[in-house]
Amino acid sequence: MADILYLVHRLPYPPNKGDKVRSYNLLKHLLKQHRVFLGTFIDDPEDEPHIVTLRGMCADLHVAKLNPRLAKIRSLNGLLADEPLTLRYYRDASLQAWVDNICNQHKIDAAVIFSSAMAQYVEDKSRLPTVIDFVDVDSAKWTQYAPKHRWPMSWLYRREGEYLLDYERKMAAQADRSFFVTEAEVALFASLAPECGVRVEAMCNGVDADYFSPDPLRSSPFQSDQSNTKSATSAHREIPIVFTGAMDYWPNVDAVTWFAKEVLPGLLQRRPEARFYIVGRSPTPEVLALASDQIVVTGTVPDVRPYLQHAGVVVAPLRLARGIQNKILEAMAMERPVIASAECAAAVDAEKGTELLTAITATEFITAIDTQLANPEIAIQIGHAARARVIARYSWEAHMSHIDRYLPAATADQSS
């Protein structure tokens with residue numbers, strides 16, 4: 001058993017958001033073999049009751065409060081300091097003091113860093129073995145945002161991409177090993193930072209197939225379950241088209257906005273009973289404005305599984321996507337036919353057309369959705385095949401174990 005310092009940019013519990021799902025499962029894996037000292041931020045008051053759960057799991061815990069609005073303002077100081085705004089956004093004196101104190105008082109054997117922003121807390125600790133889970137090439141994400149926005153945001157995003165890439169390269173060169181979520185992300189980073197190419201590898205996402213599994217006793221959250229339409233009157237019958245995700249994340253906002261404006265009108269001409277459900281926490285004003293008779297914005301829900309299980313189809317029309325989308329794996333595990341944008345689907349190891357469906361244009365999405373709704377037997381077959389693929393390929397434990405070879409197996413002195 002070793003003493004591990006684990007730094008995460010967002011409270012990794014509950015695992016109800018894409019990055020938190022991965023950071024929580026990495027925490028679970030580390031706890032099986034090591035004592036973990038966890039330093040993290042909390043940016044959502046709804047997560048506060050869960051701090052006690054993490055405190056009971058870890059050897060020590062420091063949670064720094066982060067106000068997203070104030071952090072954005074504070075991060076602008078990075079413009080004067082010639083550094084990425086991301087670093088200033090996640091810079092906290094109390095967290096740095098805690099990290100320094102933990103490293104001084106305990107024989108910390110290694111540091112595990114989740115996301116590039118948290119590497120700054122061990123930047124001056126070059127003798128501490130360090131592993132970084134970058135997850136995605138975040139710098140490329142900001143660069144992708146630039147042409148989608150007007151000036152000055154386009155300039156700001158482009159600048160952030162450039163400065164953050166410099167920092168990612170610096171920390172990847174300093175770390176003992178760095179991970180990204182897919183081989184495609186590894187290849188992208190290696191092309192941007194060729195000097196780090198031999199120091200990075202892929203550590204894929206997974207899904208808890210026991211938790212995300214269909215249950216015949218699970219009730220539907222919709223007006224009428226489309227699988228039981230014989231008992232529903234036409235006046236109340238609806239076919240739910242479901243999207244899940246954190247709705248304050250810009251690629252998700254862009255995806256549902258595009259789907260609502262470009263896909264749904266044409267789909268309603270073929271399927272007037274279709275209703276688009278946007279299921280996820282913290283919907284932005286832009287998302288809330290989409291709500292109508294044909295579009296439901298749920299906000300936070302206690303359990304996403306009923307929405308997935310009873311969906312007619314699940315869609316993931318992201319036009320900007322990095323890495324593997326957990327929302328796709330979860331819906332596949334729930335045995336639902338998933339129709340994803342080609343960019344999203346490319347990262348998933350699944351047979352396209354039989355386990356995972358793809359579409360690019362609005363017309364392709366309309367046709368794919370309509371085909372699945374018109375052929376429930378085929379939809380069921382795709383759902384069964386999708387779950388089988390998840391069980392065979394996407395075990396969290398199998399993927400997270402990739403980190404073990406870069407961490408010490410034990411320490412001689414565990415005194416504190």
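A residue is called buried when its relative accessible area is under 20%. In this predicted model, Cys58 has a relative accessible area of 9% and is therefore buried. Cys204, with a relative accessible area of 10%, is buried as well. Neither residue is linked to another cysteine. A disulfide requires a pair of cysteine sulfur atoms within 2.5 Å, and by this rule the count comes to zero disulfides. For Cys58, the nearest cysteine sulfur is that of Cys103, 15 Å away. For Cys204, the nearest cysteine sulfur belongs to Cys344 and is 14 Å away.

The strands are considered next. Strands of a sheet pair through backbone hydrogen bonds, in either a parallel or an antiparallel sense. An open sheet of seven strands, with parallel pairing, has the order S3-S2-S1-S4-S5-S6-S7. Strand S3 (60-65) and strand S7 (200-202) stand at its edges; each has a single partner strand, so one side of each is left without a neighbour in the sheet. On average, and with direction ignored, neighbouring strands of this sheet are turned by 15° against each other.

Within this sheet, strand S1 (residues 3-8) has six of its six residues buried, so the strand is largely enclosed by the rest of the structure. Asp3, Leu5 and Leu7 point one way from S1, Ile4, Tyr6 and Val8 point the other way, and all are buried. S1 runs parallel to strand S2 (residues 35-42), to which six bridges join it. Leu5 of S1 has Phe37 as its bridge partner in S2. Strand S4 (residues 110-114) likewise pairs with strand S5 (residues 130-135) in the parallel sense, over four bridges. Here the bridge partner of Val112 is Val131, in S5.

A further open sheet has six strands in the order S10-S9-S8-S11-S12-S13, again with parallel pairing. Its edges are formed by strand S10 (295-299) and S13; each has a single partner strand, so one side of each is left without a neighbour in the sheet. From one strand to the next, the twist averages 25°. Strand S9 (residues 274-279) and S10 are paired in the parallel sense through four bridges, and Val279 has Gly299 as its bridge partner in S10. Helix H10 (residues 250-270) packs on this sheet, where it touches strand S8 (239-244), S9, S10 and strand S11 (313-316). The direction of H10 makes about 175° with that of S9.

Three helices were examined for length and burial. Helix H1 (residues 18-31) has 14 residues, which at 1.5 Å a residue should span 20 Å; the end C-alpha atoms are 20 Å apart, in agreement with this expectation. H1 is mostly covered, since 11 of its 14 residues are buried. Among them are Val21, Tyr24, Leu26, Leu27 and Leu30, together with charged residues including Asp19, Lys20 and Arg22.

Helix H8 (residues 153-174) includes Ser154. For the 22 residues of H8 a span of 32 Å is expected at 1.5 Å a residue, and the end C-alpha atoms are 31 Å apart, which agrees. Its buried residues include Leu156, Tyr157, Leu164, Leu165, Met171 and Ala172. These buried residues of H8 pack against helix H4 (78-81), helix H5 (85-89), S5, helix H7 (138-145), strand S6 (177-180) and helix H9 (183-192). Ser154 itself is buried, with a relative accessible area of 10%. With its neighbours within four places in sequence left aside, Ser154 is in contact with Ala146 and His149. Its C-alpha atom is separated by 40 Å from that of Glu335, which lies 181 residues away along the chain.

Helix H16 (residues 376-393) contains 18 residues, for which a span of 26 Å is expected at 1.5 Å a residue; its end C-alpha atoms are 26 Å apart, which agrees. Ala379, Ile382, Gly383, Ala386, Arg387 and Val390 are the buried residues of H16. Seen down the helix axis, the buried residues of H16 fall within an arc of 135°, so they line one face of the helix. An α-helix has 3.6 residues a turn, so residues three or four places apart point the same way. The covering of the buried residues of H16 includes helix H13 (326-333), strand S13 (357-359) and helix H15 (362-374). On the other side of H16, Glu377, Gln381 and Ala392 are exposed.

Note on methods
Residues numbered from 1 in each chain as written. Predicted model: local features only at pLDDT ≥ 70, side-chain atom pairs only at ≥ 80, totals over all residues. Heavy atoms only, no water. Helix = DSSP H or I, 4+ residues; strand = E, 2+ residues; numbered from the N terminus. Expected span 1.5 Å × (residues − 1). Buried < 20%, exposed > 50% of the residue type's maximum accessible area, 1.4 Å probe, protein only. Arc of directions from axis to C-beta. Contact = heavy atoms within 4.5 Å. Pairing = 2+ DSSP bridges. Axes fitted to C-alpha atoms, helices over the stretch in contact; angles between N-to-C directions.
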